[in-house]
Amino acid sequence: MGAGMTGAVQKGALGEKTVGSATLLVTGGAGFIGSCFIRHLFEQPGFSGKVVNFDKLTYAGNPANLTDIEKQQGGKRYFFEQGDICDHDRVLAVLKKSGATVVVHFAAESHVDRSILGPQDFVRTNIQGTFTLLEACRSAWEGKRDVRFHHISTDEVYGSLGETGLFLETTPYDPRSPYSASKASSDHLVRAYFHTYQLPVTISNCSNNYGPYQFPEKLIPLMLLNAMGGKPLPLYGDGKNVRDWLFVDDHCSAVWSILTGGLSGETYNIGGECERQNRQIVEKVCEILETLRPARGNAALNGRAYSDLITYVSDRPGHDRRYAINCDKIKRDLEWKQRFTFEEGLRKTIEWYLAHTEWVRGIQTGEYRKWVETNYAARPVP
Ligand code: NAD
Ligand code: DAU
């Protein structure tokens, strides 16, 4: 019998005291958002517990994202376990050995373009992996109270908006890429475990994150590094697709609010309330870069301005036109709010990439070059 099956559904919040002294199993903690969340935990005055980072270290996972935490907390309050979330026995063994009572599930294949070129890994990790974790928690937490499975999801599960409207927690799911379909599927499994087995769960659906340590396959770091190298800045389609942008630290503070104050069984939207067209984003990156590292001092630019590198290329198949988030619920119920404006967050991000040349060099390896070649060589300028 699984966790909670003998009792009533736990509808309450865990509270800061319980979460603050718990052992947390964070999946995908060496990726972009997961590593930021682990750093955020150790900066929380209310957190004195332990963290187990369970990560397979795919191309997107990088131990260098947490060198500081490993140095300060490694073997004391921070433990790294390399493993695959699809490996039930391994996950269960780590859960039991660590005594983790809170799981924060970030691990996923996360890049839409990769899901178009190779959907299989997305089905495996995002669906099968989430299922495996849920089963392991159900087994490890049998008869336990004060446990929580928090699932990190995305606004992409809601589909694509027209010129107006916002995604609410109640918006029907309408995923349109293999990535968003696999995330939607995992969300459904998480809810099913709450209703069927009374596993205490929460879900958050967040919009586009940006910030330090983001793998440069995603829009902002890709454009930034290409601009620095004097390479084309490839905007898909007409460049007018709209995303809502949130600085990654603000996502992490929202997840902490949900862990401590969120009610089991609930879903919370998280967003920046900051809609921008892709071309506006890229123009802003060029503008800030110009103030920090003027193009005239960059030999790779050969006399051009950064914005001269903007190139319109063929569109992403099934490209969702617009995402926009209504996050009133988390603001109202959990008193969360964004701390960083887009201008502040973007400047901090660009400064970070300029200052961390070693990290950047380490990322731009053969695997990364192969991806860039595969994705962009096949994208002619229309
Ligand atoms: P990322 O690609 O940077 O990191 C993913 C991490 O998961 C990596 O460390 C990788 O090694 C690990 N991983 C992948 N497959 C695994 C497996 N089978 N077993 C164990 N570990 C595995 O991703 P991210 O951008 O940090 O996103 C984290 C989560 O947030 C994902 O669930 C994503 O869907 C969600 N999300 C991302 C954004 C965004 O803008 N990046 C926005 C909303 C939601
Ligand atoms: O909305 C949340 C989602 O945001 C997360 O769930 C995903 O994990 C995350 O990758 C992100 O998905 P997007 O597809 O929106 O992000 P990406 O950075 O890949 O692209 C942002 C927009 O920029 C999108 O409209 C496609 C466009 N784009 C992207 C790249 C990489 C370009 O025009 N050119 C590019 O080279």
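This report describes a predicted model, with attention to its ligand shells, a helix pair, its nonpolar core and several individual residues.

**Ligand shells**

Around ligand 1 there are 30 residues, of which G28, G31, A60, G61 and A108 come nearest. Helix α2, helix α6 (residues 120-140), strand β5 (residues 148-154) and strand β7 (residues 208-210) each contribute at least two residues to this shell. The most is given by α2, which supplies three residues. Sorted by class, the shell around ligand 1 holds 13 nonpolar, twelve polar and five charged residues.

Ligand 2 is surrounded by 19 residues, and those that come nearest are S110, T154, K218, L219 and Y236. Two elements, α8 (residues 219-228) and β8 (residues 233-236), give two or more residues to this shell. Strand β8 has the largest share, with three residues. By class, the surroundings of ligand 2 comprise seven nonpolar, seven polar and five charged residues.

**The α2 and α9 pair**

Two packed helices are described by the angle between their axes and the distance between the axes. For helix α2 (residues 32-43) and helix α9 (residues 248-261), the angle is about 60° and the axes are 9 Å apart. The crossing of α2 and α9 is right-handed. On the α2 side, the contact is formed by F32, I33, C36, F37 and H40. On the α9 side, V248, D249, H251, C252, S253, V255 and W256 take part. The contact of α2 with α9 consists by class of eight nonpolar, three polar and one charged residues. Helix α2 thus appears both in this contact and in the shell around ligand 1.

**F37 and the nonpolar core**

In soluble globular proteins, nonpolar side chains tend to be buried together. The largest nonpolar core of this model has 93 residues, and F37, C137, A227 and V285 touch the most other members. F37 is located in helix α2. F37 counts as buried because it has 27 C-beta neighbours inside 10 Å, where 20 or more are required. When residues up to four places away in sequence are left out, F37 touches V26, V104, F106, C252 and V255. Among these partners, C252 and V255 also belong to the α9 side of the helix contact. F37 and F106 are separated by 69 residues in sequence, while their C-alpha atoms are 9.6 Å apart in space.

**Helix α8 and its surroundings**

Which residues of α8 are buried? They are L219, I220, P221, L222, M223, L224, N226, A227 and M228, that is, nine of the ten residues in this mostly covered helix. The buried residues of α8 pack against β7, β8, α10 (residues 278-292) and α12 (residues 342-355). L219 is also one of the residues that come nearest to ligand 2, and A227 is among the residues that touch the most other members of the largest nonpolar core. Just after α8, G230 adopts a positive phi of about 70°.

**Positive phi outside glycine**

Most residues other than glycine have a negative phi. D146 has a positive phi of about 55° although it is not a glycine, and E335 likewise has a positive phi, near 55°. D146 is found in the loop between α6 and β5, whereas E335 lies in the loop between α11 (residues 328-334) and α12. D146 is partly exposed because 15 other C-beta atoms lie within 10 Å, a count between the limits of 12 or fewer for exposed and 20 or more for buried. E335 is exposed because 9 other C-beta atoms lie within 10 Å.

**L354 in α12**

L354 has its place in helix α12. With 14 other C-beta atoms within 10 Å, L354 is partly exposed. Apart from residues up to four places away in sequence, L354 touches L292 and R293. The C-alpha atoms of L354 and G261 are separated by 37 Å, and the two residues are 93 residues apart along the chain.

**Burial of the individual residues**

The table collects the burial of the residues discussed individually.

| Residue | C-beta atoms of other residues | Burial |
|---|---|---|
| F37 | 27 inside 10 Å | buried |
| D146 | 15 within 10 Å | partly exposed |
| E335 | 9 within 10 Å | exposed |
| L354 | 14 within 10 Å | partly exposed |

Notes. Residues numbered from 1 in each chain as written. Chains lettered and ligands numbered in written order. Predicted model: local features only at pLDDT ≥ 70, side-chain atom pairs only at ≥ 80, totals over all residues. Axes fitted to C-alpha atoms, helices over the stretch in contact; angles between N-to-C directions. Helix = DSSP H or I, 4+ residues; strand = E, 2+ residues; numbered from the N terminus. Left-handed = near helix turned anticlockwise from the far one by under 90°. Contact = placed C-beta atoms within 7 Å. Nonpolar A, V, L, I, M, F, W, Y, C, P; charged D, E, K, R; others polar. Near = placed C-beta within 6 Å. Core = buried A, V, L, I, M, F, W, Y, C linked by C-beta atoms within 7 Å.
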